[in-house]
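Trainee: I'm new to this one. Could you take me through the place where the domains meet and the ligand sits?

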Amino acid sequence: MTSATAIAHPNIALIKYWGKADETLSLPATGSLSMTLDVFPTRTTVTVGEGAAVGEGAAVGEGAAVGEDAAAGTGAAESADRDTLQLNGRPATEGELARVTKFLDLVREFAGDTRPAAVVSENTVPTGAGLASSASGFAALATAAAAAYGLDLDTRDLSRLARRGSGSASRSIPGGVAIWHAGDDAASFSETVAAPPLAMVIATVDAGEKPISSREAMRRTIATSPFFPAWIPSTAASLELMVAACAAGDFTRIGELTESNALRMHAVIQGSEPPIRYLTAASTRVFDVVAGMRAHGLEAYSTADAGPNVVVLTRPEDAAAVAATLSAEAGIAEPVIALPGPGAYLVGA
Ligand code: DP6
């Protein structure tokens, strides 16, 4: 029985990933670029071992429930052949477990190992903060599972592996500002790029569930949005400009490209049939307040993922003023300031 624990952080894209070129390999239609945050880590332990793995999982936290879940419908004899998953102290749903098992099957295939694993994951992203936990979740799972199954992967190959769990997870493997390259399986990895000092302020406007998952929404966008064909070259061009702006340390250009790419992503999404609209009046209000900050010489730029919450990009020295203005003028209860965070890493077992 082998066990490994890893920690990974969420990332927010400045140039967005929206749409896959290949669903099976999780290859993106375009490259993207993000900042990994230093807040809200996910900590995941993977324990590999027949039978014992199930017992191990069951022994942590709400053990009995996990044990029951593993045995449910399959009979105790078979339960040892099945992965178990505990999320934030509760047994995972069948859907959550199926996604993790599919990912672990890939790791097992690479490792030539058929044993099941017990996975215990603690995710500190506040529910509904609007930050996808799939990025930090699959980055931590890939790092812990690779180690537990004895795969010795470098950052590039770990980011390729994490990509298979959730595309954006690829970017949470390297630290800081990361580019995720489009390309074939071998070429589609993430790596850190040089960038000037950046900060993000997370403005949660709505803690509710998303109306439709990003995975499903991407499919609908590709199938029905007449703007999708234009999104691909537009994003590829913006990514090139963004890489140049990062290398030049041009914060203003980085900010302008960030806001325009986010709005273009929401435009292409809104063009789907039936339409999908993630931004609400409250989100738009934040975009307006941020534009107002710029008009008053406080440089800040908005972005938003597949949900109504807005993340504001600014310089580290301006982050406290941006947070205070978001509270005062956009009614944001508790803006969270984040700086560039570390890549995924293993912690002492
Ligand atoms: C809007 O990485 O969650 O946050 O690959 O299907 O798991 P899957 O999608 P996911 O999509 C993230 C979309 C986004 C933009 C981004 O992070 O680049």
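**Where the domains meet**

Mentor: Happy to. Let's start with the whole chain: among contacts between residues at least 6 apart in sequence, 72% join residues at least 24 apart, a contact being two residues whose C-beta atoms, placed from the backbone, lie within 7 Å. This is a predicted model, where local features need pLDDT of at least 70 and side-chain atom pairs count only at pLDDT 80 or more, while totals for chains, interfaces and linings use all residues. Residues are numbered from 1 along each chain as its sequence is written.

Now the split: there's a domain 1 (2-195) and a domain 2 (199-338), with bounds from an automatic or database domain assignment. Where they touch, domain 1 puts in 27 residues and domain 2 puts in 35 residues. On the domain 1 side, strand 2 (11-15), strand 5 (32-36) and strand 10 (177-180) each give at least two residues; strands here are DSSP runs of E, at least two residues long, numbered from the N terminus. That side of domain 1 has 17 nonpolar, 7 polar and 3 charged residues. Nonpolar covers Ala, Val, Leu, Ile, Met, Phe, Trp, Tyr, Cys and Pro, charged covers Asp, Glu, Lys and Arg, and the others, Gly among them, are polar.

And the ligand? Both domain 1 (2-195) and domain 2 (199-338) give residues to the shell around the ligand, so it lies between them. Of the 15 residues around it, Ala13, Tyr17, Ser166, Gly167 and Ser168 come nearest; to count as near, a residue needs its C-beta atom, placed from the backbone, within 6 Å. Sorted by class, that shell holds 5 nonpolar, 7 polar and 3 charged residues.

Key:
Helices (H or I, at least four residues) and strands (E, at least two) are DSSP runs, numbered from the N terminus.
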